[in-house]
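The following paragraphs lead the reader through a single protein chain, from individual residues to the chain as a whole. Please keep the sequence and the structure in view while reading.

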Amino acid sequence: MTKKVFGLVILAALIIIVIVTMVKNNMDQEKSIDNEQLGTEMTGVASSEGLNKGNTAPDFELTTLDGKKVKLSDYQGKKVILNFWATWCPPCKAEMPHMQNYYEDFAEQENVEILAVNLTSGDSADKVDDFVRDYGLTFPIPMDVEGAVGQTFEAITIPTSYMIDTKGRIQNKIVGPMDDQMIEDFVSKLE
């Protein structure tokens, strides 16, 4: 009986998190639409660091699964899909083949890099390595061992992805798994 109650409490908490995230995203989109209607042009405006549309994405440095140091700012000049995931997450498992397909088919010609940040507090390096091998992933897998980068980017529900333009500015936040078409559509809107 207590397992059922605990499961229901966890499920309710996840639903609340998803609803709060969706409401926040809708509010951000409404602000963006209001700015567009007022004729506010963001491309020439220096943006501050933050997580809203038009903000410069917070910089970070992590070590990838294969031992290389990566900084988000090193990718300025490229479009970046910044993805947060874990090996135990079913929606993440569903999304990964789509990201790999996109990476193989379009990343080079579209000037896109995928940084799939593993939230390793719940995953061992061996589990992540097995996952990467099983799914044939070839894009960088930074390891967020302490969870600090996931916290900074408010990756509460996973997968969570940010679409970052060539100037390092956030253009979209997507909570939940993406498919090939979604990825293409979001990336096509990046400058």
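Apart from neighbours within four places in sequence, E110 is in contact with K79 and Y102. In this predicted model, E110 lies in helix α2, which covers residues 90-110. Its relative accessibility is 29%, and E110 therefore counts as partly exposed, since that class lies between the limits of 20% for buried and 50% for exposed residues. A pairing across the sequence can also be noted here: E110 and V187 are 77 residues apart along the chain, while their C-alpha atoms are 8.2 Å apart in space.

A second residue to examine is W85, which belongs to strand β3, residues 79-85. Is W85 buried or exposed? With a relative accessible area of 0%, W85 is buried, because buried means under 20%. When neighbours within four places in sequence are set aside, the contacts of W85 include C92, M96, V128, F131, I141 and I158. W85 is also in contact with A116, V117, N118 and L119. For L119, the separation from W85 is 34 residues in sequence and 6.0 Å in space, taken from C-alpha to C-alpha.

F84 may be considered next. Beyond its neighbours within four places in sequence, F84 is in contact with V117 and L119, both of which are also contacts of W85. Other contacts of F84 include V149, G150, F153 and A155, as well as I158, P159, T160 and Y162.

F84 leads on to the interior of the model. The largest nonpolar core has 47 residues, and F84 is among those with the most contacts inside it, together with I81, L82, F139, I141 and F153. At least two residues of this core come from each of the strands β3, β4 (112-118), β6 (160-164) and β7 (170-175), and likewise from each of the helices α2, α3 (125-135) and α5 (180-188). The element that gives the most to this core is α2, with six residues.

The view can now widen to the whole chain. The protein chain has five helices and seven strands, and from the N terminus on its elements follow the order α-β-β-β-α-β-α-β-α-β-β-α. Of its 191 residues, 41% are buried. Among contacts with a separation of 6 or more, 68% join residues that are 24 or more positions apart. The accessible surface of the chain comes to about 10700 Å², and carbon and sulfur atoms account for 56% of it.

Terms used. Residues are numbered from 1 along each chain as its sequence is written. This is a predicted model: local features need pLDDT of at least 70, side-chain atom pairs count only at pLDDT 80 or more; totals for chains, interfaces and linings use all residues. Side-chain values use heavy atoms; hydrogens and water are left out. Helices (H or I, at least four residues) and strands (E, at least two) are DSSP runs, numbered from the N terminus. Buried means under 20% relative accessible area, exposed over 50%, partly exposed in between (1.4 Å probe, protein chains only). Contact means heavy atoms within 4.5 Å. Accessible areas come from the Shrake-Rupley method with a 1.4 Å probe; for residues, only the protein chains shown count as cover. A nonpolar core is a set of buried Ala, Val, Leu, Ile, Met, Phe, Trp, Tyr and Cys residues joined through side-chain atoms within 4.5 Å.
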